[in-house]
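Here is a short report on a fold and its ligand shell. Start at the ligand and work outward.

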Amino acid sequence: MDLRLDGTTALITGAGSGIGRATALALAAEGVRVALLDRDAAALRDTARSCADAVLLAADVTAEEQVASAVAAGVDALGGLDAVVCCAGVSGPVGTPVEQTALEDWNRVLAVNVTGAFLVLKHALPALRKAAAASVVLLASDSAVVASPGMAPYCASKAALVQFGRALSVDLAGTGVRVNTVAPSIVDTPMSRGDLGIEAFAEPGFPVQTAAEVAAHVAYLVSPRSRAVNGTTLLSDFGYTARSGFPA
Ligand SMILES: NC(=O)c1ccc[n+]([C@@H]2O[C@H](COP(=O)([O-])OP(=O)(O)OC[C@H]3O[C@@H](n4cnc5c(N)ncnc54)[C@H](O)[C@@H]3O)[C@@H](O)[C@H]2O)c1
């Protein structure tokens, strides 16, 4: 299927690794000119090797001045903006009870995962509103609806991101800017390998998806093929949350 993305533009945060990098490659392969934002400049250069004519934006999504100038530079270099994909994220404490969670860790997770997306979109929206048909995709997680023990900050941040996306889609109704969220279960990336250990992925006893598979969901939601899809969440979890506890 032709996603009709050729010749469009997109800004992707967290583009230095994992799902952000896979999204950059997937969109570039569809003919999208991409602006790549990450706090890790060296990682951005690695991603850019596989994306034609990419614009590199080194910035921390939690720092408003950095975000404002990076987004402005990206829009300027791309000559406009048709899509934003927010992938920058951190997992924070794993296996830590709430009473042992440091305020600093709680604040950091919320700052990157929620405030970071808010800041990027706050500064990108003027350009997105000018596009003929714009799309925003936020990378949440199945942790927005289910929880593993000891990950309360991450779970809270992803639920907040889902509702931020829904609220933004309502704010932007009628403007031509759509907002959707993708919520995958475990994806094989440096983040999940860091949290679970590399050995957990050798013969995993849990379903694992690839970053490229998640990027395909993102590409569909960026595409005008999904123009009727707005304010929703694509839960990509192998059906795990569909199962009732009813013992039938
Ligand atoms: N890996 C999974 O199992 C999984 C599952 C569901 C959702 N997600 C979500 O998908 C997104 C991408 O995760 P990933 O697995 O690709 O992680 P990753 O660690 O491989 O990549 C995250 C990228 O975000 C960047 N980043 C982090 N903090 C930043 C900041 N303050 N400013 C700018 N850039 C920053 C990092 O430098 C890195 O390049 C995250 O939001 C994550 O929560 C991941």
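The ligand is surrounded by 29 residues (C-beta atom, placed from the backbone, within 6 Å of it). The closest are Gly14, Gly18, Gly89, Thr189 and Met191. Two or more shell residues come from each of α1 (18-29), α4 (103-130) and α6 (190-196). Helices are DSSP runs of H or I with at least four residues, strands are E runs of at least two, and both are numbered from the N terminus.

This is a predicted model: local features need pLDDT of at least 70, side-chain atom pairs count only at pLDDT 80 or more, and totals for chains, interfaces and linings use all residues. Residues are numbered from 1 along each chain as its sequence is written.

The shell divides by residue class as follows.

| Class | Shell residues |
|---|---|
| nonpolar (Ala, Val, Leu, Ile, Met, Phe, Trp, Tyr, Cys, Pro) | 13 residues |
| polar (the others, Gly among them) | 12 residues |
| charged (Asp, Glu, Lys, Arg) | four residues |

Next, the sheet. Seven strands form an open sheet in the order β3-β2-β1-β4-β5-β6-β9, with parallel pairing (at least two DSSP bridges between two strands). The edge strands, β3 (55-58) and β9 (233-236), each pair on one side only. Within the sheet, β4 (residues 83-86) and β5 (residues 134-139) pair in the parallel sense over four bridges. Val84 stands opposite Val136 in β5.

Val34 touches Ala10, Ile12, Ala24, Leu27, Ala28, Cys51 and Ala54, not counting residues up to four places away in sequence (contact: C-beta atoms, placed from the backbone, within 7 Å).

Definitions and conventions:
Contact = placed C-beta atoms within 7 Å.
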